[in-house]
Protein chains: 2
Amino acid sequence: MYIFVFNTQSVMANQKLYKGSLQTIILKLLAENNKMYGYEITQKVKTLTHGKLNITEGALYPALHKLEAEGILDVEVLNIGNRFRKYYKLTEHGTKETISRLAEMQTFINTMQQLVNPSFSLE
Amino acid sequence: MYIFVFNTQSVMANQKLYKGSLQTIILKLLAENNKMYGYEITQKVKTLTHGKLNITEGALYPALHKLEAEGILDVEVLNIGNRFRKYYKLTEHGTKETISRLAEMQTFINTMQQLVNPSFSLE
DNA sequence: ATATATACATAATTTTCTTATGTATAAATC
DNA sequence: GATTTATACATAAGAAAATTATGTATATAT
């Protein structure tokens, strides 16, 4: 006999809300950690958000490829034993872009906070 | 001779970030204002966000119709002179749903704030 | 020996938006 | 008076960004 208990309140709130913020999250992590590989990013985000945000591979890898194609990220393939890892890091342009995206994210956060709960506002 | 000046920094930051939050914004406004019509919602959001968020009609009306179909909103059609307006208000179920969605939004905001700038965190 | 974790990738589908288009009345401007 | 802008609804086509499903392969833990 098994009893499963899920705390749906604390885990995986509304994943939908994170739509549109994945790229900014990736850029912020790379700004802090110099170079990271995809799987590492998913684990780091899971840890930092206490499991609230789980980046799926189907979202992550296309996002990394796109950022690379846009010249925001550089990639370096390293052999680790018998397998490979693709390490990503910010280009010079990517660093500028990150600063800009983080500013936009802060504006967004402030605006949403103001909208949903004016009393929490910093203004 | 015309000179156009746009301040692209303060107006319309990254509209993409708002993806997924439209329904919650609508619900919050209806919780505060009892009943509102579509156009009124777009104007209210524009004012409250100082022009940072402009809800398009192509996004708004389908969202209202969906919330109504889900039993979250009730609609009442009123004649104003020679035209009509569709006033929306929260159902009983919609009020509960709003409380839940606002809690999810607050969790999202806190998580994103923590991610992009840990020093701003309230924790 | 088997299951789980690590590590990449892509295709099909879904969701949610933008952009474009359409209709119609009211008010403001030229 | 004519024209533009604002008010007020609606939907269709297309784009963007995700989820879900599937695939491959090695390393580690049970």
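The following exercises, with worked solutions, concern a predicted model of protein chains and DNA.

**Exercise 1.** Determine where A:His50 lies and whether the residue is buried or exposed.

*Solution.* Begin with the position: A:His50 belongs to the loop that joins α2 (38-48) to α3 (57-69) in chain A. Next, consider the backbone: the phi angle of A:His50 is near 55°, a positive value in a residue other than glycine. Finally, take the relative accessible area of A:His50, which is 61%. Exposed residues are those over 50%, and A:His50 is therefore exposed.

**Exercise 2.** Carry out the analysis for B:His50.

*Solution.* B:His50 is found in the loop between α2 (38-48) and α3 (57-69) of chain B. Its phi is near 55°, again a positive value in a residue other than glycine. With a relative accessible area of 61%, B:His50 is exposed.

**Exercise 3.** Describe the protein surface near DNA strand D.

*Solution.* First, count the residues: 23 surround DNA strand D, and A:Thr56, A:Arg83, B:Tyr39, B:Arg85 and B:Lys86 are the closest. Of the strand D atoms that come within 4 Å of the protein, 75% belong to sugar and phosphate. Second, classify the residues: seven are nonpolar, eight polar and eight charged. Third, assign them to elements: α3(B) supplies the largest share, five residues.

**Exercise 4.** Which part of DNA strand D does a polar side-chain atom approach in A:Lys66, in B:Tyr37 and in B:Arg83?

*Solution.* For A:Lys66, the partner is a phosphate oxygen at 2.6 Å. For B:Tyr37, the partner is a phosphate oxygen at 2.7 Å. For B:Arg83, the partner is a base oxygen, 3.1 Å away.

Conventions:
Residues numbered from 1 in each chain as written. Chains lettered and ligands numbered in written order. Predicted model: local features only at pLDDT ≥ 70, side-chain atom pairs only at ≥ 80, totals over all residues. Heavy atoms only, no water. Helix = DSSP H or I, 4+ residues; strand = E, 2+ residues; numbered from the N terminus. Buried < 20%, exposed > 50% of the residue type's maximum accessible area, 1.4 Å probe, protein only. Near = heavy atom within 4 Å. Polar contact = N/O pair within 3.5 Å; in protein donor to acceptor, adjacent residues only side chain to side chain. Nonpolar A, V, L, I, M, F, W, Y, C, P; charged D, E, K, R; others polar.
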